[in-house]
Amino acid sequence: MFLIHNKPEQAPLLAQAIFSACYLEHGWPSPEIPHVLTTLFKELLNYEIDFENIFRITILDVKERLPEPAQRRELIELMTTMEMLCRPISKELQASVDQWADQLAIDDRTLLLARDLSKNAQLQATLDFYRLNWIGEGDPQDDQHFKQLLSHYGDSAYALSLESNPQETARWAKLKDYPDASLGKELWQFYQKRGFKLPGEIGGANAALAHHDWVHVIANYDTTAIGELEVTAFMASASRSQGAMLGFVGAVSIYETGLLKSLVTHSYQHTLSAPGGVERVSAAIMRGKNCKIDPLLGPNYFSIAHEPLEKIRLNWGII
């Protein structure tokens with residue numbers, strides 16, 4: 001997740017790098033970019049800077065002064081996120097970010113998504129997004145039955161229950177019998193309040209997508225557009241899953257420009273750049289950074305569903 005492995009003293013270098021990569025000959029490719037960057041640097045690195053008044057830096061300078069691969073990767077991920085604020089993504093911006101990634105020796109899943117979108121290849125972008133993000137990692141992609149679902153129903157198989165699975169539904173339905181204020185009972189109420197179908201019911205989330213609903217409940221993020229940005233930012237910051245960051249970057253495109261289409265929700269516009277949006281996402285990043293448990297790769301949620309929700313939050317270090 002960007003700006004997590006970086007130190008506050010590196011903020012001027014990072015700001016110059018992102019400016020040099022994303023400020024094009026005719027200015028910013030999206031008017032939202034300087035606002036988002038200014039807020040992220042202030043909230044995550046406690047560094048205030050005017051992104052309209054900054055000097056450029058060469059890739060070679062950054063390469064010499066930013067030797068750690070994790071820090072370089074986060075820089076490229078931040079550049080790619082700025083691409084997600086654009087509709088359309090300009091070829092000039094694409095070429096610039098690609099050059100930075102190549103020179104810094106970073107090959108990241110987020111770049112593939114950005115290339116799909118820059119070519120207006122929305123169908124391919126949707127496939128790559130769900131195949132490679134944390135949802136796809138949770139799907140049994142090598143299973144023959146799952147391959148048949150993909151062949152028959154298309155990309156929706158990555159996220160939705162497309163055939164009835166009573167055994168899976170029963171596993172989730174048992175949550176209603178857990179004690180009040182337990183994680184399991186809170187998740188059951190989370191579904192009931194929103195009218196969501198259970199995993200295994202046709203049209204409901206599949207188990208891979210529903211996995212993040214536990215995080216919604218534990219971290220207390222809603223299923224609104226800004227809530228989805230918060231929960232994906234939290235997971236990207238807290239998890240070692242390679243697909244977690246792609247999940248957040250794709251969510252920015254879905255909820256900020258609508259360029260990437262979702263399999264499960266409507267597209268939105270100007271969610272991140274709306275008043276308070278970047279601040280809320282920044283807070284989610286910091287909460288994820290301080291989380292003691294990997295929310296995607298760590299717990300078997302059904303094994304802790306009986307525990308009090310507040311106890312789990314305390315143990316995880318979630319304020």
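**An all-helix chain, starting from His266**

His266 makes contact with Ile254 and Tyr255, leaving aside residues up to four places away in sequence. In this predicted model, His266 sits in the loop between α14 and α15. Its relative accessibility is 62%, so His266 counts as exposed. Ile254 is twelve residues from His266 along the chain, and the C-alpha atoms of the two are separated by 8.3 Å.

Zooming out, the secondary structure amounts to 17 helices and zero strands. The chain has a radius of gyration of 20 Å, close to the 20 Å given by the globule rule for 319 residues, so it is as compact as a globular protein of that length. The C-alpha trace spans about 60 × 45 × 35 Å along its principal axes. Of the 319 residues, 56% are buried. Contacts reach well along the sequence, too: among those between residues at least 6 apart, 71% join residues at least 24 apart.

As for the outside, the accessible surface of the chain is about 14300 Å², and carbon and sulfur atoms account for 50% of that. There are 29 positive and 40 negative side chains, with the centres of the two sets 3 Å apart.

Inside, the largest nonpolar core has 114 residues, and the members that touch the most others are Phe41, Trp100 and Phe248. Phe248 gives a feel for how such a residue is surrounded. Residues up to four places away aside, Phe248 touches Met1 and Phe2, then Thr81, then Leu229, Thr232, Ala233 and Ala236, and finally Val281. Phe248 falls within α14 (242-257), one of the helices against which the buried residues of α7 pack. The other two are α6 (109-118) and α8 (134-138). On helix α7 itself (residues 122-132), the buried set consists of Ala125, Thr126, Asp128, Phe129, Tyr130 and Leu132. An α-helix has 3.6 residues a turn, so residues three or four places apart point the same way. Ala125 and Phe129 are both on the buried list for α7, as are Thr126 and Tyr130.

Helix α15 (residues 277-290) holds Lys289. With 40% relative accessibility, Lys289 counts as partly exposed. Lys289 touches Ile4 and Ser237, again without residues up to four places away. Ile4 is 285 residues from Lys289 in sequence, yet the two lie 7.2 Å apart in space, C-alpha to C-alpha.

A few spots in the backbone stand apart from the usual pattern. Most residues other than glycine have a negative phi, and most peptide bonds are trans. The peptide bond from Arg87 to Pro88, however, is cis, with omega near 0°. Pro88 belongs to the loop between α4 (69-83) and α5 (91-103).

Two residues that are not glycine show a positive phi: Ala105, at about 60°, and Asn220, at about 65°. Ala105 is in the loop between α5 and α6, while Asn220 is in the loop between α12 (207-219) and α13 (225-238). At 64% relative accessibility Ala105 counts as exposed, and at 58% so does Asn220.

Methods: Residues are numbered from 1 along each chain as its sequence is written. This is a predicted model: local features need pLDDT of at least 70, side-chain atom pairs count only at pLDDT 80 or more; totals for chains, interfaces and linings use all residues. Side-chain values use heavy atoms; hydrogens and water are left out. Buried means under 20% relative accessible area, exposed over 50%, partly exposed in between (1.4 Å probe, protein chains only). Helices (H or I, at least four residues) and strands (E, at least two) are DSSP runs, numbered from the N terminus. Contact means heavy atoms within 4.5 Å. A nonpolar core is a set of buried Ala, Val, Leu, Ile, Met, Phe, Trp, Tyr and Cys residues joined through side-chain atoms within 4.5 Å. The radius of gyration is taken over C-alpha atoms; the globule rule is 2.2 Å times the number of residues to the power 0.38. Accessible areas come from the Shrake-Rupley method with a 1.4 Å probe; for residues, only the protein chains shown count as cover. Lys and Arg count as positive and Asp and Glu as negative; His and the chain ends are not counted. The place of a charge is taken as NZ of Lys, CZ of Arg, CG of Asp or CD of Glu.
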